[in-house]
Amino acid sequence: KRSTHNNKMAEEGMVKLMSNDGQEFTVTRASASMLGTVKAALEDTREGEAVPISNVKGDVLTKVIEFTDFHSGEGLTKTEAERKEWTKEYLKLEHAALFPIILAANFLNCKSLLDAGVRDVADQIRSRTKEEIVEHFGIAKDWTEQEMKETLEMHPWIDKEYPGPPKKKE
């Protein structure tokens with residue numbers, strides 16, 4: 001027997017999402033439908049059951065939902081220029097917050113958010129020197145001499161000044 005709450009959710013077109021850290025979100029079906037991964041999962045999910053979002057933490061899913069709620073709701077009444085301005089303001093985030101959102105948009109198959117996020121990063125890179133990019137994104141120059149030598153031997157096209165990948169977390 002279905003609960004009244006579940007019937008009410010179905011009537012109102014609401015969908016439950018569950019982040020990988022156990023946070024549950026209730027969103028409109030229109031908002032959820034902007035997430036291709038969720039849209040596909042809804043076909044295999046019983047009514048009232050939360051769709052598990054295995055690769056996205058709750059704080060990141062909150063930001064993704066903010067984007068899809070706007071673009072599937074209030075944003076529909078705005079002009080293209082107003083939507084672009086809203087998205088530009090939305091993306092004014094620290095890199096530590098922006099990159100997980102881009103990864104989530106990719107995992108959730110939210111093309112509009114992925115495109116906007118990648119475009120924002122590209123705009124941050126455009127017209128900067130490699131030194132400015134390294135500084136802007138906080139890329140650590142911490143390769144050992146041996147790591148750098150091996151990498152340059154394997155990939156001679158790499159600029160000798162390349163800072164190398166960040167050290168692996170232990």
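**Exercise 1. Which residues form one aromatic cluster?**

*Solution.* This is a predicted model, and the steps below read its rings one pair after another.

Step 1. Begin with the count of pairs: the structure holds 4 aromatic pairs. One of them joins phenylalanine 67 and tyrosine 90, whose ring centres are 5.5 Å apart and whose planes stand at 50 degrees, which makes the pair tilted.

Step 2. Place these two residues in the fold. Phenylalanine 67 belongs to helix α4 (residues 58-72) and tyrosine 90 to helix α5 (residues 80-90), so their pair ties together parts that are 23 residues apart in sequence.

Step 3. Consider how far each of the two is covered. Phenylalanine 67 has a relative accessibility of 2% and therefore counts as buried, and tyrosine 90, with a relative accessible area of 4%, is buried as well.

Step 4. Turn to the pair of tryptophan 86 and tyrosine 90, where the ring centres lie 5.2 Å apart and the planes meet at 15 degrees, so this pair is stacked. Because they are 4 residues apart in helix α5, tryptophan 86 and tyrosine 90 are separated by about one helical turn. Tryptophan 86 itself counts as partly exposed, since its relative accessibility is 23%.

Step 5. Put the rings together: the aromatic cluster is made of Phe67, Phe70, Trp86 and Tyr90.

**Exercise 2. Describe the lining of the largest pocket, by helix and by residue class.**

*Solution.*

Step 1. The largest pocket has a volume of about 460 Å³. It is lined by 16 residues, of which Arg83, Lys84, Thr87, Ala116 and Arg119 are the closest to its centre.

Step 2. Assign the lining to helices: α4, α5 and α7 (111-125) each supply at least two residues, and α7 gives the most, with 6 residues.

Step 3. Sort the lining by class, which yields 9 charged, 4 nonpolar and 3 polar residues.

**Exercise 3. Is threonine 68 buried or exposed, and which residues does it touch when those up to four places away in sequence are not counted?**

*Solution.*

Step 1. Threonine 68 is found in helix α4.

Step 2. Its relative accessible area is 0%, and because buried means under 20%, threonine 68 is buried.

Step 3. With residues up to four places away in sequence set aside, threonine 68 touches Ser31, Met34, Leu35 and Cys110.

**Exercise 4. Locate glycine 22 and state its exposure.**

*Solution.*

Step 1. Glycine 22 sits in the loop that runs between β1 (14-19) and β2 (24-28).

Step 2. Its relative accessibility is 48%; because exposed means over 50% and buried under 20%, glycine 22 counts as partly exposed.

Step 3. The C-alpha atom of glycine 22 is separated by 9.4 Å from that of isoleucine 53, a residue 31 residues apart from it along the chain.

**Exercise 5. How many helices and strands does the protein chain have, and in what pattern do they follow along the sequence?**

*Solution.*

Step 1. The secondary structure of the protein chain comes to 9 helices and 3 strands, and read along the sequence the pattern is α-β-β-α-α-β-α-α-α-α-α-α.

Step 2. Among the 170 residues of the protein chain, 33% count as buried. The accessible surface of the chain comes to about 11,400 Å², and 53% of that surface belongs to carbon and sulfur atoms.

Step 3. Finally, consider contacts between residues at least 6 apart in sequence: 54% of these join residues at least 24 apart.

How values were computed:
Residues numbered from 1 in each chain as written. Predicted model: local features only at pLDDT ≥ 70, side-chain atom pairs only at ≥ 80, totals over all residues. Heavy atoms only, no water. Buried < 20%, exposed > 50% of the residue type's maximum accessible area, 1.4 Å probe, protein only. Phe/Tyr/Trp six-rings, centres within 6.5 Å; stacked < 30°, edge-to-face > 60°. 1 Å grid on protein atoms, 1.4 Å probe; cavity = no way out; pocket = protein on both sides within 12 Å on 5 of 7 lines; lining within 4 Å. Points joined across faces, edges and corners; volume = space filled by probe spheres on them. Nonpolar A, V, L, I, M, F, W, Y, C, P; charged D, E, K, R; others polar. Contact = heavy atoms within 4.5 Å. Areas by Shrake-Rupley, 256 points an atom, 1.4 Å probe, with all protein chains shown as cover.
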